[in-house]
Amino acid sequence: MMETAGVTLKSPKSFADYYDFPELDIMGRASEFKEYIEGNTQNRHFDYKRIALNGSAAVRQVKDNYTGETREMLYFASNDYLNLTNHARVKEAGIEALKKYGAGAGSAPLLGGTTDLHIELEKKIAKFKGCEKAIIYTSGYGSNSSSLLSMLTDKDLAIVDMLSHASLIDGCRNTNVKYFKHNDVQDLESILKKRKDSYRTKLVVIDGVYSMDGDIARLDQITAVAKHYGAYVMIDEAHATGVLGQHGRGTSEHFNLTGKIDIISGTFSKALGGVGGFVASNSDLIDLLHFYSRGYMFSSAMTPQVAGSVITALDVVEEEPQIRERLWNNINYFKKGLLHLGFDIGISETAIFPIIIGNDFLTKEICRELNIYVNPVLYPAVSKRLSRIRLSIMAEHTKEHLDTVLNALEYLGKKYQIL
Ligand SMILES: Cc1ncc(COP(=O)(O)O)c(C=O)c1O
């Protein structure tokens, strides 16, 4: 134990301690986990699933989990980077689709749930990503996990960046997996070299922008190495779509590789302001996924309202580049401010900012005191020495919002001797 500014830095249990109990059945395990929630609640450290009374916006009305009072908070935890969840055209398109087609799709996509709007969205996202064809899912998690589960079996090999999103990792459960060091092209190459001819399909699996660190995949080098060793590349563009590239097409555009990536997946739930996900690739592979990807086949189609909104969101990304410009101005301003103050922001290059604290308890203390809507990222999501406060920037944040957060962080950084 250690003291920082009067706070005893305990090393209490973490989520990792409740994964399994050899002697307890599931109800027993749940009852043990209650102890963790109660302990954190006592410290006012349990701020998951806060209840907001308005939508995603720079300022939110949030119900305090402990007092029940409504608080106005600056919101620095959204993936709604371009604030399209509340864009007038995007909302209007959703309303029109809702009026025309009704509240739900009514069935699975292959069995009656597909409307002309779904087809329009498939075509639009494929073209946006420079691919022949796309398939759309009701979540980004589903697009990654379900497509991978259907593409790779025990004869194949997934070579996965060790910081890839859980949806990609979960999708590799049916196959052989080798993890390479984060964004380390040499490590990737050494794995590929050793396994050159041993597997039927070799698929390198990466994120475009990493969700906890905000850095960008070295896609140019990764694709070159993969090609050299006969491997395909699948990239998850969840946090890059709408953000990276001159037209917001993502990491492939950022590296001038539009149309050159084997498989691109992504989500409609972040910069595109909706929900759902997609996989885009060549026409043959997408046709196969339609019939073998169980998360697509055995699940109802996306609501027409979401499809309508996302179609228009893609138009907005292309037609209103000034929103992306505002986002990047904010990113650059905020980054400069954090670095000037002396915070450790890891390897962030985009709208996602980790502030590395390196102690779970202290991270939660600071988040509680900050009075700004941010999220703690703790072990086992990251290693204990890298526990952090995660902030994300939106186009709608003003300079005043950014300065307020920088000032509050400076105050707490000094108080807790992080600066
Ligand atoms: C990198 C990445 N991929 C996929 C997903 C899943 O997307 P969705 O929230 O649309 O299911 C997320 C969301 O948290 C993510 O960060």
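This is a short tour of the ligand site, the pocket around it and the enclosed cavities of a predicted model.

**Stop 1: the ligand**

Select the ligand and show the residues around it. There are 14 of them, and Tyr141, Asp236, His239, Thr267 and Lys270 are the closest. Sorted by class, this shell holds nine polar, three charged and two nonpolar residues. Now colour helix α4, residues 140-151: this helix gives three residues, the largest share of the shell.

Next, show the side chains of His239, Thr267 and Lys270. Each has a polar side-chain atom to look for. In Thr267, such an atom lies 2.6 Å from an oxygen atom of the ligand. In His239, the distance from a polar side-chain atom to a ligand oxygen is 2.7 Å. For Lys270, an N or O atom of the side chain is 3.1 Å from an oxygen atom of the ligand. On its own the ligand has 390 Å² of accessible area, and the protein covers 81% of that.

**Stop 2: the largest pocket**

Where does the ligand sit? It occupies the largest pocket. Zoom out to take in this pocket, whose volume is about 1300 Å³. Its lining counts 50 residues; select His165, Ser211, Met212, Val377 and Ala381 to find those closest to the centre. Then colour α4, α5 (166-171), β11 (263-267), β14 (375-377) and β15 (388-392), the elements that give two or more residues to the lining. Helix α4 supplies the largest share here, with four residues. By class, the pocket lining consists of 25 nonpolar, 15 polar and 10 charged residues.

**Stop 3: the largest cavity**

Leave the pocket and turn to the cavities. How many cavities of 30 Å³ or more are there? The count is two. For the largest, with a volume of about 90 Å³, select Pro109, Ile136, Tyr296, Ala301 and Met302, which lie nearest its centre among 13 lining residues. At least two lining residues come from each of α3 (116-128), β6 (133-137) and α10 (294-297). The lining has six nonpolar residues, six polar ones and one charged.

**Stop 4: the second largest cavity**

Finally, select Arg44, His45, Phe46, Asp47, Tyr48, Arg50, Lys364, Cys367, Arg368, Val374 and Pro376, which line the second largest cavity. Its volume is about 80 Å³. Colour helix α13, residues 360-370, to see the element with the largest share of this lining, three residues. Five of the lining residues are nonpolar, five are charged and one is polar.

Terms used
Residues are numbered from 1 along each chain as its sequence is written. This is a predicted model: local features need pLDDT of at least 70, side-chain atom pairs count only at pLDDT 80 or more; totals for chains, interfaces and linings use all residues. Side-chain values use heavy atoms; hydrogens and water are left out. A residue is near a molecule or strand if one of its heavy atoms lies within 4 Å of it. A polar contact is a pair of N or O atoms within 3.5 Å; within protein, one must be able to donate a hydrogen and the other to accept it, and residues adjacent in sequence count only if both atoms are side-chain atoms. Accessible areas come from the Shrake-Rupley method with a 1.4 Å probe; for residues, only the protein chains shown count as cover. On a 1 Å grid over the protein atoms alone, a cavity is a set of points where a 1.4 Å probe fits but cannot get out, and a pocket is an open set with protein on both sides within 12 Å along at least five of seven lines; lining residues have an atom within 4 Å of a point. A molecule sits in a cavity or pocket if more than half of its atoms lie within 2 Å of its grid points. Ala, Val, Leu, Ile, Met, Phe, Trp, Tyr, Cys and Pro count as nonpolar, Asp, Glu, Lys and Arg as charged, and the others, Gly among them, as polar. Grid points are joined across faces, edges and corners, and a volume is the space filled by probe spheres set on the points.
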